[in-house]
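These are my notes on the model you sent, set out as numbered points. They follow the chain from one sheet to the other and end with a pair of charged residues.

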Amino acid sequence: MVLDVLKPLTHKKLLEHELEGFGLRLNKQPPNISFRKKDKGGVNLNATVAQSELDLDTVKTILGEYKIHNADITLKYDATADDLIDVIEGNRIYIPCIYLLNKIDQISIEELDVIYKIPHCVPISAHHHWNFDDWLEMMWQYLQLVRIYTKPKGQLPDYSSPIVLHHEHTSVESFCNKLHRTIAKEFKYALVWGSSVKHQPQKVGIDHILNDEDVVQIVKKV
């Protein structure tokens, strides 16, 4: 999301409000609330921690708006009415968001130091191409992507075209499948350089989990 650095918080609140109306929740996790509708038995409310906003009467009132009169609800943190509504609706989308504060060439160094403290923000100058490296690095972090570099036998690693994996699928097998679907079948072992191994290189199997910017050389069966 691109914001004017001269009015960042004003524009940020307006845009967030608009997106919230469409069910988008920026930089938030789904509420840790267990909600289960049932056929009878009324409303049962359990809370594992003290609640500052929600009690049984409030919960019943909210459920009544949705014509729900029988349900089991467990609040696992100090939840709000909006949190409960989001869970009942069940159609909210929780996504990461980076705020690009543009036009930093028009502010002072002291103001820039303050801007840097705003969560999820990257100050940039699109006109001068300032601070694009920080922006790119934060994109990798928020998208939870992992860069793996290939190393053909007898050659230097190819740092120009990394294989990009999602952080939930970073095994050597996932890496092989991203290269070509037949490589995993021909796989014998892999040599890995990087933070996922103790030795440089280290021989690993197909289930080994890779870290960001590891270098991998695949050895196939003869």
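1. Val2 stands opposite Leu100, a residue of strand β7, and in this predicted model the pairing of β1 with β7 (residues 99-102) is parallel and rests on three bridges. Helix α1, covering residues 8-21, packs on the sheet and touches both β1 and β7, while its direction makes about 140° with that of β1.

2. The sheet to which these two strands belong is an open one of three strands, in the order β1-β7-β8 and with parallel pairing. Its edge strands are β1 (2-4) and β8 (121-123), each of which pairs on one side only. On average, and with direction ignored, neighbouring strands in this sheet are turned by 30° against each other.

3. How do the records divide the chain? The domain assignment gives domain 1 as 2-22 + 95-143, domain 2 as 31-91 and domain 3 as 145-220, and the C-alpha centres of domain 1 and domain 2 lie 35 Å apart. UniProt, in an unreviewed entry, lists "domain: OBG-type G" for residues 1-144, and the same kind of record, again unreviewed, places "domain: TGS" at residues 144-220.

4. The two UniProt spans can also be described by their secondary structure. Residues 1-144 are 36% helix and 22% strand, with the C-alpha atoms at the ends 18 Å apart. For residues 144-220 the figures are 16% helix and 42% strand, and the end C-alpha atoms lie 29 Å apart.

5. A second open sheet is built from five strands in the order β10-β9-β13-β11-β12, and its pairing is mixed. The edges are taken by β10 (158-166) and β12 (202-204), each of which has a single partner strand, so one side of each is left without a neighbour in the sheet. Neighbouring strands here are turned by 40° against each other on average, once direction is ignored.

6. Two helices accompany this five-stranded sheet. Helix α5, residues 132-143, packs on the sheet and touches β9 and β10, with its direction at about 110° to that of β9. Helix α6, residues 172-179, lies across β9, β10, β11, β12 and β13, and runs at about 115° to β10.

7. Which strands pair with β13, and in what sense? Strand β9 (residues 145-150) runs parallel to β13 and is joined to it by three bridges, whereas strand β11 (residues 187-193) pairs with β13 in the antiparallel sense over six bridges. On the β9 side, Ile148 stands opposite Asp214, and the bridge partner of Thr150 is Val216. On the β11 side, Val192 stands opposite Val216, so that Val216 is matched with Thr150 of one neighbouring strand and with Val192 of the other.

8. Is strand β13 enclosed or open to the surroundings? Five of the seven residues in β13 (residues 214-220) are buried, so the strand is largely enclosed by the rest of the structure. In the strand order, β13 is placed between β9 and β11.

9. The last feature I would ask you to inspect is the pair formed by Arg25 and Asp86, whose side chains are joined by a polar contact of 2.9 Å. Arg25 is in strand β2 (residues 24-26), and Asp86 is found in helix α3 (residues 81-89).

10. Are Arg25 and Asp86 buried or exposed? Arg25 has a relative accessible area of 6% and Asp86 one of 10%; residues under 20% count as buried, so both side chains' residues fall in that class.

11. The surroundings of the pair are also worth a look. Setting aside residues up to four places away in sequence, Asp86 touches Arg25, Pro31, Arg92 and Tyr94. With the same kind of neighbours left aside, Arg25 is in contact with Glu20, Asp86, Arg92, Ile93, Tyr94 and Ile95. Arg92 and Tyr94 therefore appear in both lists.

Key
Residues numbered from 1 in each chain as written. Predicted model: local features only at pLDDT ≥ 70, side-chain atom pairs only at ≥ 80, totals over all residues. Heavy atoms only, no water. Buried < 20%, exposed > 50% of the residue type's maximum accessible area, 1.4 Å probe, protein only. Helix = DSSP H or I, 4+ residues; strand = E, 2+ residues; numbered from the N terminus. Pairing = 2+ DSSP bridges. Axes fitted to C-alpha atoms, helices over the stretch in contact; angles between N-to-C directions. Contact = heavy atoms within 4.5 Å. UniProt positions renumbered as here; feature names shortened; annotations may be inferred. Domains from an automatic or database assignment. Polar contact = N/O pair within 3.5 Å; in protein donor to acceptor, adjacent residues only side chain to side chain.
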